[in-house]
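Here is a short report for a reader new to this structure. Look at the sequence and the model first, then read on.

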Amino acid sequence: MNLDTSSVAVITGASSGLGAALATDLAAKGCQVVLVARREDKLRAVADLITQNGGRATCIVADVAQESHCERVIRQVIADFGRIDVLINNAGRGNMNSVEDTPTEQWRSMFAVNVDSIFWLTARALPHMRQANAGSIVAISSVAGRYGHPYNAAYVAAKHAVVGFIAALRTELVGTGINATVICPAGIITEWGDVTEGGSIGALYGQAIPRSRTIARDRSLATAPLSRMMSAQECSKIIIEAIEAGRGDDVFTHAGTKDIAVQTVQDRCAQEDRFEALWVAMAEAYHAQRGTS
Ligand SMILES: NC(=O)c1ccc[n+]([C@@H]2O[C@H](COP(=O)([O-])OP(=O)(O)OC[C@H]3O[C@@H](n4cnc5c(N)ncnc54)[C@H](OP(=O)(O)O)[C@@H]3O)[C@@H](O)[C@H]2O)c1
């Protein structure tokens, strides 16, 4: 699709990380951007930077884990601009707990912010896109939406649900001018790994990755095929290219991750075996941290 000064783009989770980069890049293309998140000060700082650089940005403070807030977001965008061309469902949060340590509230919270929000916002934006017979719906899932990772099963399950939701939506959009795209990034350098509910999964990986190399050597196991961490700016460029390409698709931003997803479909156990040294190191780090065994 053509992104220009007539385009209105709504980006959730725009107060930091990937969402802030997407908002900045879309505004640089001339789009009117609507930034959505809970932390008003951070949201305004991103919007101010955009306007200082000649872009057009407005903010809506909202908690997308609540249906009434999602409803308000779309209502306000239509009232202010009369259209919605791009909806980027980017807001998301991870967790860090073993399955048995995961409180029910945390499980529900992972689904509310990562999945329910996408359903609520998309369902309310779609009638406006259908009227225009144009639009782009993007959802940020993760490689965690394609294959398993330990100590964040609630997040992994939620991100798998995002992939399924967008795949189903695409089949409903056949023959329309509306695209639905799911993005599956691996590591992006943002706040994400530090603010996971239940503890920092970033710190867990930070401890486990070097240890996994020793385990791999000592036990003659493969070293986990991890991809390079990407900046939010690099990742944003790939996502915007996908929107402009105008073809709803599943997008893997990091080199090698699509191959792992394909191998997972072909033989999940074999794929999981390739990460064994990392899973062992993560178990060690998790239990050392919790004082359990
Ligand atoms: N970083 C990675 O390695 C990685 C890898 C794969 C996928 N992802 C996904 O990429 C997306 C962007 O994450 P990021 O890496 O940019 O992390 P981030 O810097 O932590 O950004 C997350 C954003 O989501 C917003 N958010 C969280 N809960 C919200 C809520 N209830 N209502 C409204 N906004 C909410 C946060 O804003 P407020 O706190 O101000 O509300 C923040 O702007 C997420 O969906 C994440 O799961 C990240």
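The report below covers the ligand, three helix pairs and four single residues.

## The model and its ligand

This is a predicted model. Start with the ligand. Around the ligand stand 29 residues. Gly13, Gly17, Arg38, Arg39 and Gly92 come nearest.

Which helix gives the largest share of the shell around the ligand? Helix H1, residues 17–28, does, with three residues. By class, the shell holds 12 nonpolar, 11 polar and six charged residues.

## H1 against H7

H1 also packs against a second helix. Its partner is helix H7, residues 232–245. The two axes come within 8 Å and cross at roughly 55 degrees. H1 and H7 are therefore oblique to each other, since an angle of that kind is neither under 35 degrees nor in the range from 65 to 115. Their crossing is right-handed.

On the H1 side, the contact uses Gly17, Leu18, Ala21, Leu22, Asp25 and Leu26. These meet Ala232, Gln233, Cys235, Ser236, Lys237, Ile239 and Ile240 of H7. The residues of this contact divide into eight nonpolar, three polar and two charged. Gly17 appears here and also among the residues that come nearest to the ligand.

## H4 against H5

The next pair is H4, residues 104–132, and helix H5, residues 153–172. Their axes come within 8 Å and cross at roughly 15 degrees. Are they parallel or perpendicular? H4 and H5 are roughly parallel, because angles under 35 degrees count that way. The crossing of H4 and H5 is right-handed.

H4 brings Gln106, Trp107, Met110, Phe111, Asn114, Val115, Ile118, Phe119 and Thr122 to the contact. H5 brings Ala154, Tyr155, Ala158, Lys159, Ala161, Val162, Phe165 and Leu169. By class, the residues of the H4 and H5 contact are 13 nonpolar, three polar and one charged.

## H6 against H10

Now take helix H6, residues 201–219, and helix H10, residues 276–290. H6 and H10 pack at an angle of about 130 degrees. Their axes are 7 Å apart. That angle makes H6 oblique to H10, because roughly antiparallel needs an angle over 145 degrees. The crossing of H6 and H10 is right-handed.

From H6, the residues in contact are Leu204, Gln207, Ala208, Arg211, Ser212, Ile215, Ala216 and Arg219. From H10 come Ala277, Leu278, Val280, Ala281, Met282, Glu284, Ala285 and Tyr286. The residues of this contact divide into 11 nonpolar, two polar and three charged.

## Two buried residues

Tyr286 lies in H10. Is Tyr286 buried or exposed? Tyr286 counts as buried, because 21 C-beta neighbours lie inside 10 Å and the threshold is 20 or more. Leaving out residues up to four places away in sequence, Tyr286 touches Ser98, Tyr151 and Leu204. Glu272 is 14 residues from Tyr286 along the chain. The C-alpha atoms of Tyr286 and Glu272 are separated by 19 Å.

Met96 sits in the loop between strand E4, residues 86–89, and H4. Met96 is buried too, with 25 other C-beta atoms within 10 Å. Not counting residues up to four places away in sequence, Met96 touches Tyr151, Asn152, Thr196, Gly198, Gly199, Ser200, Ile201 and Leu204. Tyr151 and Leu204 are thus touched by Met96 and by Tyr286. Lys258 is 162 residues from Met96 along the chain, and their C-alpha atoms are separated by 25 Å.

## Two loop residues with positive phi

Asn133 is found in the loop between H4 and strand E5, residues 135–140. Its phi is near 50 degrees, a positive value in a residue other than glycine. Asn133 counts as exposed, because 10 C-beta neighbours lie inside 10 Å and the limit for exposed is 12 or fewer.

Ser220 is found in the loop between H6 and strand E8, residues 230–231. Ser220 has a positive phi of about 55 degrees although it is not a glycine. Buried or exposed? Ser220 is exposed, with 7 other C-beta atoms within 10 Å.

Note on methods
Residues numbered from 1 in each chain as written. Predicted model: local features only at pLDDT ≥ 70, side-chain atom pairs only at ≥ 80, totals over all residues. Near = placed C-beta within 6 Å. Helix = DSSP H or I, 4+ residues; strand = E, 2+ residues; numbered from the N terminus. Nonpolar A, V, L, I, M, F, W, Y, C, P; charged D, E, K, R; others polar. Axes fitted to C-alpha atoms, helices over the stretch in contact; angles between N-to-C directions. Left-handed = near helix turned anticlockwise from the far one by under 90°. Contact = placed C-beta atoms within 7 Å.
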